[in-house]
Amino acid sequence: MTDLTKLTAAETARLIRDGEVSAVDVAQAHFDRIAKVDDRIHAFLHLDTEGALGAARRVDEKRAAGEELGPLAGVPLALKDVLAMKDVPTTCGSKILEGWRPPYDATVVQRLRDADLVILGKTNMDEFAMGSSTENSAYGPTRNPWDTDRIPGGSGGGSAASVAAYQAPLAIGTDTGGSIRQPAAVTGTVGVKPTYGGVSRYGLVAFSSSLDQVGPCARTVLDAALLHSVIAGHDPFDSTSIDQPVPPVVEAARAADVRGLRVGVVKELGGEGFQPGVEQRFNEAVALLTELGAEVVEVSCPHFVYGLPAYYLIAPSECSSNLARFDAMRYGLRVGDDGIRSAEEVMSLTREAGFGAEVKRRIMIGAYALSSGYYEAYYGQAQKVRTLITRDFARAFEQVDVLVSPTTPTTAFRIGERVDDPLAMYKADLCTIPSNLAGNASASFPCGLSPDDGLPVGLHVMAPVMADDRLYRVGAALEAASVQRWGHPLLEEAPEL
Amino acid sequence: MSTPAATVPDLLDYDEVLERFDPVLGLEVHVELNTLTKMFCGCPTEFGAPPNSQVCPICLGMPGSLPVVNGKAVESAIRIGLALGCDIAEWCRFARKNYFYPDMPKNFQISQYDEPIAISGEVELEVEGQTFKIGIERAHMEEDTGKSTHVGVTGRIHGAEYSIVDYNRAGIPLIEIVTKPIEGTGALAPQVARAYVAHLRDLMRALDVSDVRMEQGSLRCDANVSLRPLGETAYGLRTETKNVNSLRSVERAVRYEMCRQGALLAAGGKVMQETRHWHEDTGITTPGRSKEQAEDYRYFPEPDLVPVAPSRKWVEELGTTLPEPPAQHRKRLFEAWGFTEMEFRDVIGAGALLLVEATVAAGATPAAARKWWLGELARRAKETEVELDALSITPAQVAEIQALVDAGKINDKLAREVFDGVLAGEGSPEEVVAARGLAVVSDDSALGAAVDRAIEANPDVAEKIRGGKVAAAGALIGAVMKEMRGQADAGRVRELILERLGAE
Amino acid sequence: MPAISRDEVAHLARLARIDLSDDELNHLAPQLDVILQSVAQVSEVAAQDIPPTSHPLPLTNVFRQDEIRPCLSAEEALAGAPIVDGAQAVEDERFRVPRILGEEA
């Protein structure tokens with residue numbers, strides 16, 4: 001019998017539709033896999049076995065009743081623990097939310113349910129999505145399936161690792177500065193950050209509201225596109241949601257055609273600080289795109305280098321405000337309420353006990369950047385840099401259809417290596433941040449293993465606002481050609497767990 | 001919390017304050033809009049609902065929830081801005097005002113900061129025959145907070161205190177209207193403040209954008225007061241007095257702060273720039289929430305909401321929906337009602353203009369409407385220490401009672417009892433009449449029998465009337481009314497007497 | 001010259017309602033200083049005439065109809081209230097919170 005966990009989401013859905021396997025068996029196979037490997041990976045914070053098997057059963061009943069099933073009906077999915085799911089624990093990787101069960105579903109969760117996906121559970125993450133390694137989770141780190149001494153990226157390390165470790169064919173991530181794409185790159189999976197406003201943020205616990213975006217994680221480009229089309233589209237509960245048709249991502253993934261596509265290599269995203277093996281695989285991927293008929297040119301985006309400092313002012317500023325609500329009054333942790341201390345004291349004690357070091361660092365950077373007297377020099381100036389980066393993109397997209405760079409300067413680093421060096425940690429997001437600042441669509445696709453350490457490397461593709469389909473066009477073409485060249489999907493080279 | 005006696009400060013005599021100082025006012029008025037739903041979510045805004053029954057993930061600030069602007073609230077804000085003579089911004093944003101407080105679910109308030117929807121307006125007031133122009137600095141949109149109730153344990157054991165919080169009010173749309181510094185009011189400062197708030201109240205009511213019930217908090221006033229030595233141009237340090245919940249309090253609180261600050265300054269002291277709390281019962285202000293230096297609110301544009309850019313066409317359209325300006329409105333009513341100037345001024349002074357207008361609109365004559373509102377009802381409002389419009393009777397009900405009088409179903413004396421019943425919540429005037437059995441006896445046979453008895457008992461009076469002395473009928477009418485315990489139409493009784501005695 | 005002093009970090013912690021320990025303050029202050037010195041690079045960019053971007057997309061006027069939607073029940077609203085001494089901090093259908101400084105009865 002086939003290993004149900006090794007199938008793609010598209011294949012799984014087809015087998016369920018055709019009645020060759022039951023959705024319940026598929027879900028159970030994944031729970032078995034999780035039981036077997038997750039003590040070593042720690043991708044999951046919470047499993048919703050009952051809810052998932054119930055959803056799977058309903059899919060089987062629908063099929064039995066002759067109802068039409070959607071393109072991903074019955075497919076298991078891992079949900080990043082930053083999205084509200086009714087009555088299921090939602091911690092955001094933080095102690096401060098321990099025990100909280102939201103009384104509502106995020107719009108994305110509602111859409112997943114409506115499309116009959118089977119949500120297995122909630123995945124680990126850096127606390128409140130702040131980090132690039134998943135080491136900042138209050139519940140312990142997630143490990144990279146390629147090498148369990150290494151980080152799986154972050155903040156969505158749990159989602160990427162669950163997909164890479166065959167614990168789920170699909171996962172939902174969120175990306176504020178690279179939290180979908182960087183984990184995808186270092187785990188050899190596909191991760192897409194849709195256009196800002198393309199997927200509803202309602203129910204996504206905000207880190208930085210003007211940068212956060214929900215997106216798909218998968219093992220194949222087509223699977224990511226199918227999931228993308230399920231979760232995307234206008235939502236009246238999110239004021240920043242775009243009221244336009246979803247770009248034709250599934251068609252683009254099926255077309256897998258880059259002939260005549262103009263590809264720009266961003267001059268500023270390479271060179272010093274980039275691991276040679278990463279640059280080598282990146283260059284090979286670009287060469288492959290040329291072979292496949294793309295026109296490749298070099299493009300300059302001079303302000304991208306200021307993306308990192310601008311990001312580390314804007315994101316902390318917004319987070320300092322967004323995380324103010326965790327105050328021990330209405331939900332979550334309360335520390336020090338002895339009947340004598342004031343509300344103010346209890347708030348301060350709870351926030352001290354409930355937040356980890358990185359969250360505290362960012363809240364305080366943000367409070368500083370927004371303070372009267374510093375606002376213009378820090379937050380105000382960062383917002384201007386944001387404008388300049390958006391203009392760099394606009395100018396570049398006059399010349400080319402997509403931009404490319406490595407997703408991260410290095411492959412997965414070792415757990416603990418950068419924990420106490422925030423600046424080194426922040427550099428992991430150098431290439432991914434500009435797209436969050438400008439709001440355009442971006443993705444990471446596997447482009448091989450770095451020859452110097454044998455770890456996965458990602459190709460980062462950036463497309464204009466609401467041109468998400470171009471990402472899939474490039475990703476699918478690259479995937480088809482690479483798999484042909486390697487003789488198998490990249491993940492098959494990962495060690496057995 | 002009662003006021004500890006030790007903090008009761010000295011007050012300078014009001015006249016003395018004015019001999020030495022010039023008051024400058026600044027008024028911040030919060031108007032709760034009467035939209036069906038909250039500013040950023042679809043929860044209802046009904047006053048007095050059970051605690052935490054009108055809340056959702058959004059107004060509770062739950063993780064992941066997002067605000068969406070109520071379009072009707074923006075429309076109301078624009079109409080208010082236009083009615084205050086303001087310019088409406090072509091583009092403005094919401095901003096987050098960051099500070100921690102348990103009644104604020106997100107620990108920031110969504111408000112507007114340097115880009116309010118309406119700026120630079122003006123309001124004209126008449127106080128004691130003088131005209132005052134009040135400059136409007138801005139009007140902006142924001143959300144209300146929840147309500148915390150302090151629970152103290154008797155005996156005041158330290159620590160045995162806590163609060164309980166109801167978030168029904170959290171997220172109700174507010175418009176904050178801020179004046180420019182109001183100068184040159186002199187001795188009339190307290191009255192000007194009151195007149196300004198009364199004007200806003202009438203304006204909001206005419207616009208139909210708010211219930212403007214001060215006692216329910218749907219209109220709230222913060223009064224900034226400062227004094228400067230006469231002849232000085234620089235402003236003195238000001239205090240901001242909160243919890244001013246009636247028109248009368250506005251006047252009293254301003255006057256009190258003038259006297260308190262006057263005493264401090266006269267003694268060579270300094271006024272602390274602080275928030276103070278008005279106590280309606282004791283008529284004093286006390287220092288409020290302590291503010292660690294100047295609070296740093298760390299305002300920044302609200303990233304979860306997109307800018308508001310009202311098209312000029314929309315603004316123009318809304319301009320055509322404005323009620324007539326108050327001065328013009330008063331002039332029109334004055335001409336229509338035929339009151340003397342004195343009578344008309346009394347109506348305005350009593351805050352009864354709109355009440356009388358509505359009563360007339362419901363069918364009463366202006367004179368009858370005035371009679372009830374300025375007489376019977378004003379007396380009751382005074383007795384219970386509430387504003388006239390806070391009485392639990394509507395203009396339509398007043399008109400209905402007058403109609404019952406006009407139809408001869410009740411008389412003025414009974415009408416007072418009907419007012420009692422309606423104010424006590426016993427139902428509509430008709431229901432009160434029925435329930436209390438107040439209708440005058442219009443059954444001619446019953447009345448006729450009483451008339452006959454009265455004639456029989458007073459033969460000499462009856463003889464006079466037969467002889468043409470119609471005026472003597474009064475004595476017989478009195479006797480009949482007494483027998484009927486007042487529940488008869490005196491006019492009808494008179495008719496019956498004259499009929500029986502062949503007079504006329 | 002450090003960008004931020006230990007005292008300023010302590011002030012920010014109070015502003016952000018985080019009761020940092022002395023050890024944490026000692027550890028955090030130099031880290032914040034390094035980060036702030038690094039992000040101060042944004043000031044190198046000449047941007048006087050550049051408008052700031054607060055929202056990545058040029059959307060305006062996103063409004064909702066004034067229509068009532070279902071609320072949570074009080075029970076649902078209060079269900080997540082923090083636990084104090086083994087019981088939920090709820091009283092009289094309201095959230096029970098520690099005494100609020102400066103509050104008027």
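# Reading a predicted model, one feature at a time

Analyst: Let's start with a helix: the buried residues of H12(B) pack against two others in chain B, helix H10 (395-406) and helix H11 (412-423). Keep in mind that this is a predicted model.

User: Which residues of helix H12 in chain B are buried?

Analyst: Helix H12 of chain B spans residues 429-436, and its buried residues are B:Pro429, B:Val432 and B:Val433. They span an arc of only 100° around the axis, so they sit on the same side of H12(B). On the face turned away from that buried side you'll find the exposed residues B:Ala434 and B:Ala435.

User: And what comes just after H12(B)?

Analyst: That's B:Gly437, with a positive phi of about 60°.

User: Now strands. Which way do the residues of strand S5 in chain A point?

Analyst: Look along the strand and see which side each residue takes. In S5(A), residues 190-193, A:Val190 and A:Val192 point one way, while A:Gly191 and A:Lys193 point the other way. All of these are buried.

User: Which residues stand opposite A:Val190 and A:Gly191?

Analyst: To answer that, check the strands that S5(A) pairs with. Strand S6 of chain A (residues 214-218) runs antiparallel to S5(A), joined by two bridges, and A:Val190 faces A:Ala218 there. Strand S10 of chain A (residues 441-449) also pairs with S5(A) in the antiparallel sense, over three bridges. In S10(A), the residue opposite A:Gly191 is A:Ser444.

User: What is the order of strands in the sheet that has S9(B) and S5(C)?

Analyst: Read a sheet from one edge to the other. This open sheet has four strands, in the order S8(B)-S9(B)-S5(C)-S4(C), and the pairing is antiparallel. Strand S8 (147-152) of chain B and strand S4 (90-91) of chain C are at the edges with a single partner strand each, so each has one side without a neighbour in the sheet. Where the chains meet, S9(B) (residues 161-166) and S5(C) (residues 94-98) pair antiparallel over four bridges. One position to look at is B:Tyr162, which stands opposite C:Pro98.

User: How do I read a single residue? Is B:Arg276 buried or exposed?

Analyst: Go by relative accessibility. B:Arg276 has 4%, and because buried means under 20%, it counts as buried. B:Arg276 belongs to strand S13 of chain B, residues 274-279.

User: Which side chains does B:Arg276 make polar contacts with?

Analyst: One is the side chain of B:Glu257, at 3.2 Å. The side chain of B:Glu274 is joined to that of B:Arg276 by a polar contact of 2.5 Å. Leaving out residues up to four places away in sequence, B:Arg276 also touches others, including B:Thr239, B:Lys242, B:Arg260 and B:Pro287.

User: What about the nonpolar cores? How many residues are in the largest?

Analyst: The largest nonpolar core has 178 residues, and those with the most contacts inside it are A:Leu112, A:Phe128, A:Ile172, A:Leu403, A:Leu459 and A:Tyr472. Take A:Phe128: beyond its neighbours within four places in sequence, its contacts include A:Cys92, A:Ile96, A:Phe207, A:Phe326 and A:Val359. Another core lies apart from the largest one; it has 73 residues, among them B:Ala77, B:Ala189, B:Val225 and B:Val308.

User: Last one: what pLDDT does chain B average?

Analyst: Start with the average, then look for weak stretches. Chain B averages 89, and 95% of the residues score at least 70. Over residues 1-6 of chain B, though, the pLDDT is below 50, and this stretch has nine contacts in the model beyond near neighbours in sequence.

Definitions and conventions: Residues are numbered from 1 along each chain as its sequence is written. Chains are lettered from A and ligands numbered from 1 in the order in which they are written. This is a predicted model: local features need pLDDT of at least 70, side-chain atom pairs count only at pLDDT 80 or more; totals for chains, interfaces and linings use all residues. Side-chain values use heavy atoms; hydrogens and water are left out. Buried means under 20% relative accessible area, exposed over 50%, partly exposed in between (1.4 Å probe, protein chains only). Two strands pair if DSSP finds at least two bridges between them. A polar contact is a pair of N or O atoms within 3.5 Å; within protein, one must be able to donate a hydrogen and the other to accept it, and residues adjacent in sequence count only if both atoms are side-chain atoms. Contact means heavy atoms within 4.5 Å. The arc is that of the directions from the helix axis to the C-beta atoms. A nonpolar core is a set of buried Ala, Val, Leu, Ile, Met, Phe, Trp, Tyr and Cys residues joined through side-chain atoms within 4.5 Å. pLDDT is the predictor's confidence in each residue, from 0 to 100.
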